[in-house]
Amino acid sequence: MPVDNTLEQLRSTALQELEECTSKLDLAEWRVKYLGRKGYVTGFLRELKNLQPSEKKTFGSQANQLKVFLTERLMAAESKLIEQEIRVLGENDRIDVTRPGRLINVGSYHPLTKIRREIEQAFISMGFQVVEGPEIEWDHYNFELLNIPKNHPSRDIWDTLWVDYRNERGERNMLLRTHTSPMQARIMEQEEPPIRVIVPGKVYRYEATDRTHEWHFHQVEGLAVDRGITFADMKGTLYEFARRLFGSDRKVRFRCDYFPFVEPGVDMSIDYLAPGADSHDWLEIMGAGMVHPKVLEGVGYDPEEYTGFAFGIGLERIAMLKYGIDDIRLFFDNDLRFLRQF
Amino acid sequence: MKIPISWLKDFVEIGIPVHELADKLTMAGLEVGSIERIGGWEKCLIGMVRSVIPHPNADRLRLCEVDTGSTIHQVVCGASNVDVEQKIVFAEIGASLVDSRNGKPKTLKAAKIRGERSEGMICSELELGLSEEHEGILVLPEDAPTGMSLDDYMGDYVLDIEPTPNRADWFSILGVAYEIAALTGQEIHEPLVEYSEDGENIHDQVKVTIQSPDLCPRYSASLIKGVSIDESPRWLQGRLKKAGIKVVNNVVDVTNYVMWEYGQPLHAFDYERLLKHHVIIRKGYTGEEIITLDGVQRGLFSDTLVIADDRDAIALAGIIGGKNSEIVGTTRDVFLESASFDPENNRKTSHSFDLRTEASIRFEKGLRPDLVEVALKRATQLIRDIAGGVVAKGKIDEYPGREEPRKIMLTDRKMKQVLGIEISPANIEKTLNGLGFQCCVTDGAVDVRIPYWRSDIAIEEDLVEEVARIMGYEAIPTTMLSTPIPHHKGDDYYMFRENIRDLLVREGLQEIVTYSASSFETLARTRLIDDSEKLVRIANPMSGDFEYMRPVMGAHILQALISNLSFNRGPIAMFEMGRVYLKRERDLPEERDIIAGLLYGPCSEEGWLGSDGQFDFYDAKGIVESLLGRLFLTGNYTALENGFLHPGKSASINLFDRSVGKIGEIHPVVQRDFGVTEGTAVYFEMDVRSMFEMATETFPRMKPLARFPSTIRDVSLLVDLNVTYASIKNVFEQNKLIAKAVLEDVYEGDGIPEQKCSLTFRLYLQSPIKTLSSGEVNDAINKVLDKLKAETGSILRGTEGQFE
């Protein structure tokens with residue numbers, strides 16, 4: 001019997017029997033019969049060793065092709081069977097895809113962290129670096145080096161919480177910082193220009209609590225000092241910040257304001273439509289200005305050589321504006337129903 | 001501070017709508033908080049009463065004819081003060097008025113009163129909403145023009161401005177007027193002051209001695225004799241009322257009026273009540289007392305500056321007058337003071353008496369001594385005009401602290417250096433002139449003379465601001481920083497800390513932020529604090545709840561848990577990255593960043609897929625271990641004595657041999673004391689700086705991947721209960737072929753002897769250089785079992801009988 005004849009026969013028998021398979025069990029048996037270790041195709045290949053080398057090559061190749069072919073047909077038959085089964089069983093083997101999934105606990109950031117990071121990112125991309133400072137400060141840094149002498153009326157801007165401490169002269173001179181600005185002086189004392197930093201942190205005021213006031217809140221201070229930094233640069237930097245945080249369609253307004261450690265002083269507002277209001281209003285989002293020459297002198301910089309600008313942003317106010325939060329006290333109530341919204 | 005527009009118009013013309021004006025002022029730095037409108041009296045006109053006859057059918061009513069220029073109206077009027085030839089306010093039918101019976105708005109209708117037609121109404125102040133006065137009609141001055149609408153005649157706006165603390169001059173009509181003049185290109189008209197001094201020489205009648213010239217650089221005064229104390233005229237009262245100033249009598253009202261106009265506080269003394277007519281400016285004596293005009297008896301301090309007569313203090317200088325010298329109804333002669341006082345001392349004194357007056361809020365900001373004279377003359381004239389009397393010849397003017405008018409050179413260079421643009425000298429001159437500065441343009445600079453009312457201008461930069469704000473900040477261009485970006489030193493610690501936040505959020509924890517302070521009682525409930533002396537105390541806390549800066553984190557996070565319990569069934573998993581404040585001697589407290597976390601309630605959201613049980617110690621530990629792992633740190637855990645945590649279920653978290661934190665169930669007593677009545681809260685905290693210092697690797701270094709397969713073997717060990725998992729794990733880790741040992745099961749009970757437990761480990765054996773044979777695997781297992789037996793007394797389960 002010529003070998004090719006046998007192969008051809010094997011092929012047609014196998015295909016015919018495959019056609020007749022109606023279950024997975026049938027298919028398994030078929031597989032053992034033809035493709036298994038002791039199956040026909042395997043057996044055929046094993047017998048090739050008795051043939052002449054030239055025939056061995058020809059038939060070997062044909063037998064291998066047959067093996068590949070039958071394997072493919074088996075897969076196809078299997079797929080067809082599974083399709084049939086699913087179609088038959090489908091009505092019963094169906095899940096309710098609308099039921100809730102298995103929830104994985106995922107935490108979220110405090111809204112103040114989110115907004116702080118947004119602000120930091122805006123300034124970091126403009127070459128600023130984040131630094132931090134102490135929340136409990138000396139009067140010297142919080143006020144005096146910032147051109148706010150003792151018994152000066154500008155101290156009225158900051159109602160201060162004092163630490164129960166007195167120095168050798170019996171003066172109360174330790175306090176909870178009323179703003180992040182003391183870091184302006186601390187940084188300039190430690191570093192030479194150029195300086196470009198932002199200082200996020202907690203600040204404290206002696207202030208009765210209501211919907212828009214807290215005795216404890218957060219600021220981001222900024223400071224840039226070098227030769228040749230101008231008011232125009234300040235406007236550009238702060239405008240860019242506002243654009244990033246609130247989008248370029250928001251209007252920004254710079255008006256004159258007074259802070260003892262800057263001159264000229266600025267208040268930056270953005271246009272704001274309060275819920276329920278019928279017209280836009282200006283909402284102050286930060287105080288800023290050119291660093292006062294006395295502040296520069298106080299830390300040993302020559303104001304004839306160096307200029308710079310500083311700014312202070314209230315985090316809570318920005319978060320309230322951006323997220324539509326109507327009560328500042330929510331930030332520290334730590335009600336998870338509130339916090340999980342962010 | 002309230003500024004009526006009508007008063008401003010005495011000084012400057014206002015040609016723009018009031019809202020636009022308010023906007024301009026706000027942009028230039030003088031915030032207008034609100035604008036109050038006085039008026040809006042539709043259909044109210046000035047009329048003249050032509051005739052008054054009794055009402056035929058009512059005793060108390062009259063029939064009046066009112067002429068409004070074009071028409072004569074018949075009106076029924078009930079007021080007793082109505083009279084012929086009076087100028088009155090006539091409301092036509094349809095006018096909106098205030099109902100005098102109930103204070104509510106009403107619309108006037110045509111009526112017949114007791115059979116007589118009434119075609120309108122003659123109004124009282126109450127009906128016009130001007131005051132509570134409804135006894136009688138409002139009678140206008142004779143020169144009020146008949147037929148003019150009331151709005152045109154006396155309508156007004158009042159600006160409520162919020163001056164910044166540097167601008168004493170914004171506490172005056174004049175200062176605001178100069179602002180408006182500069183912003184709108186108008187001129188200032190100061191009132192003309194002229195009066196004759198017909199009395200005897202003042203120096204023969206009064207003596208002034210300044211004993212504290214450092215605190216009183218200038219003291220001037222005039223003397224007006226023979227005045228009649230009375231009510232002020234209507235126009236003056238009207239202005240004071242609009243400005244929110246209490247009306248007292250004509251002399252006192254004038255001092256307040258001039259203070260409003262010029263910003264210079266003045267004080268009027270009753271000349272006859274000054275002992276020996278000797279006025280002394282001195283410091284208080286210890287034990288000295290004064291009863292001030294507010295009726296309060298005050299003990300003086302040795303640094304309180306007072307005005308005194310030959311014996312007693314008669315005023316707190318620059319703050320408030322004394323009862324013993326006040327102007328009363330019988331006063332005939334007025335000693336009028338206009339002086340300069342040291343702002344710092346003034347502020348200190350007003351703070352120490354907790355007494356802030358209109359005078360002190362001006363003096364504390366620093367007033368130029370030049371202002372003294374201008375205000376004195378204006379007030380002397382007004383008193384003479386209004387209260388009568390004769391002005392003594394000459395003035396007192398003690399001026400020990402004489403100051404020359406200040407000049408500042410504003411260079412083009414400074415202008416450019418600060419603003420970034422060049423502004424022409426002509427422009428600078430024009431802008432500054434508008435504000436009342438006098439300029440002299442030189443080469444490359446402008447010489448600027450500072451006007452007497454501007455005490456805030458001290459340096460060149462102040463003038464730069466003046467120019468910029470009047471031109472408008474909008475006029476300055478917008479540029480980006482073009483200076484080089486500074487070299488930044490590493491901010492690894494900041495990144496490390498932010499990374500911890502990210503990791504814990506990913507672990508399923510909610511970030512919270514709590515208050516930094518607490519009451520001692522709350523802190524003591526943690527059983528970690530027992531001595532308030534060791535804490536940073538706030539001298540003036542908002543309340544007892546926030547008196548001490550926290551030295552520990554646990555109390556606040558537990559409070560956050562409690563505030564959630566009524567709304568939340570869990571899972572509650574939260575963390576705070578916050579500071580604690582540790583007192584140090586003679587130095588600022590140490591502030592340390594602490595990461596603290598708390599778990600409570602069920603591990604997973606409730607639902608149809610079932611729950612994973614309640615949070616316990618090992619949930620917290622898993623979080624800590626994952627966190628440390630992602631920070632390339634490995635912790636070890638040792639026993640801990642800590643009153644806050646459960647003694648049997650807590651541990652110190654150590655990195656190498658340094659304790660960086662703690663973890664455990666909250667002690668049941670602590671939990672109860674904080675008000676958590678059921679369940680178990682699990683807590684962890686770590687000192688972030690310590691973690692950072694122990695983190696030698698801040699970024700990962702790749703380790704090669706295993707190339708050969710691992711073989712898995714499970715071993716169940718019989719272990720003494722006092723032998724820790726860590727000690728067994730340690731033995732496994734020492735064997736080089738055991739790549740990983742996973743604790744698969746812990747079992748105690750049936751089949752296990754007392755004081756023992758069964759620990760089942762799955763061991764992954766693997767070599768970096770080849771596939772292990774089963775012989776090599778067995779050898780390794782046997783070696784490790786021998787070692788476990790020798791070091792921990794643990795044996796393979798099922799072999800216990802064989803070796804005994």
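Leaving aside its neighbours within four places in sequence, which residues is Leu130(B) in contact with?

## A loop residue of chain B and its partners

In this predicted model, Leu130(B) is in contact with Ile38(B), Trp41(B), Glu125(B), Leu138(B) and Met154(B), once the neighbours within four places in sequence are left aside. The residue sits in the loop of chain B that runs between strand E11 (120–122) and strand E12 (139–140), and its relative accessibility of 31% places it in the partly exposed class. One of its partners, Ile38(B), is 92 residues away along the chain, yet the two C-alpha atoms are separated by 8.2 Å.

## Overall form of chain A

Chain A contains twelve helices and nine strands. Its radius of gyration is 39 Å, whereas a compact globule of 342 residues would have a value near 20 Å. Along the principal axes, the C-alpha atoms of chain A fill a box of roughly 120 × 50 × 45 Å.

Of the 342 residues in chain A, 53% are buried, and the accessible surface of the chain comes to about 16,500 Å², with 49% of that area belonging to carbon and sulfur atoms. When contacts between residues at least 6 apart in sequence are considered, 65% of those in chain A join residues at least 24 apart. The chain carries 45 positive and 55 negative charges, and the mean positions of these two sets are 8 Å apart.

## Nonpolar cores

The largest nonpolar core has 233 residues, and those with the most contacts inside it are Phe241(A), Tyr219(B) and Phe335(B). The element that gives the most to this core is helix H4 (residues 173–184) of chain B, which supplies nine residues. Apart from it lies another core, of 36 residues, whose members include Tyr493(B), Phe615(B), Leu633(B) and Phe684(B).

## Backbone exceptions

Most residues other than glycine have a negative phi, and most peptide bonds are trans. Against that background, chain A has a cis peptide bond between Pro193(A) and Pro194(A), with omega about 5°; Pro194(A) belongs to the loop between helix H7 (182–190) and strand E4 (195–204). Another cis bond runs from Glu263(A) to Pro264(A), where omega is near -5°, and Pro264(A) is found within strand E7 (residues 262–272) of chain A.

In chain B, Phe632(B) is not a glycine and nevertheless has a positive phi of about 60°. This phenylalanine is in the loop between helix H16 (617–630) and strand E34 (635–638), and its relative accessible area of 34% makes it partly exposed. Phe656(B) likewise has a positive phi, near 55°, in a residue other than glycine. The loop that holds Phe656(B) lies between strand E35 (645–655) and strand E36 (658–666) of chain B, and Phe656(B) is exposed, because its relative accessible area is 59% and the class begins over 50%.

## Two arginines in loops of chain B

Is Arg368(B) buried or exposed? Although Arg368(B) has its place in a loop, between helix H8 (358–363) and helix H9 (370–387) of chain B, it counts as buried because its relative accessibility is 6%, and buried means under 20%. Not counting residues up to four places away in sequence, Arg368(B) touches Ser340(B), Glu403(B), Glu404(B), Pro405(B), Arg406(B), Tyr452(B), Arg454(B) and Ser455(B).

Arg569(B) is also a loop residue, lying between helix H15 (554–565) and strand E32 (572–582) of chain B, but at 68% relative accessibility this arginine counts as exposed. Beyond its neighbours within four places in sequence, Arg569(B) is in contact with Pro602(B) and Glu606(B). Pro602(B) is 33 residues from Arg569(B) in sequence, and their C-alpha atoms are 8.0 Å apart in space.

## A loop between two helices of chain A

Leu51(A) is placed in the loop between helix H3 (40–47) and helix H4 (53–89) of chain A, and with a relative accessible area of 24% it is partly exposed. From C-alpha to C-alpha, Leu51(A) and Glu17(A) are 29 Å apart in space, and they are 34 residues apart in sequence.

Conventions
Residues numbered from 1 in each chain as written. Chains lettered and ligands numbered in written order. Predicted model: local features only at pLDDT ≥ 70, side-chain atom pairs only at ≥ 80, totals over all residues. Heavy atoms only, no water. Helix = DSSP H or I, 4+ residues; strand = E, 2+ residues; numbered from the N terminus. Rg over C-alpha atoms; globule rule 2.2 N^0.38 Å. Buried < 20%, exposed > 50% of the residue type's maximum accessible area, 1.4 Å probe, protein only. Contact = heavy atoms within 4.5 Å. Areas by Shrake-Rupley, 256 points an atom, 1.4 Å probe, with all protein chains shown as cover. Lys, Arg positive; Asp, Glu negative; His and termini not counted. Charge placed at Lys NZ, Arg CZ, Asp CG, Glu CD. Core = buried A, V, L, I, M, F, W, Y, C linked by side-chain atoms within 4.5 Å.
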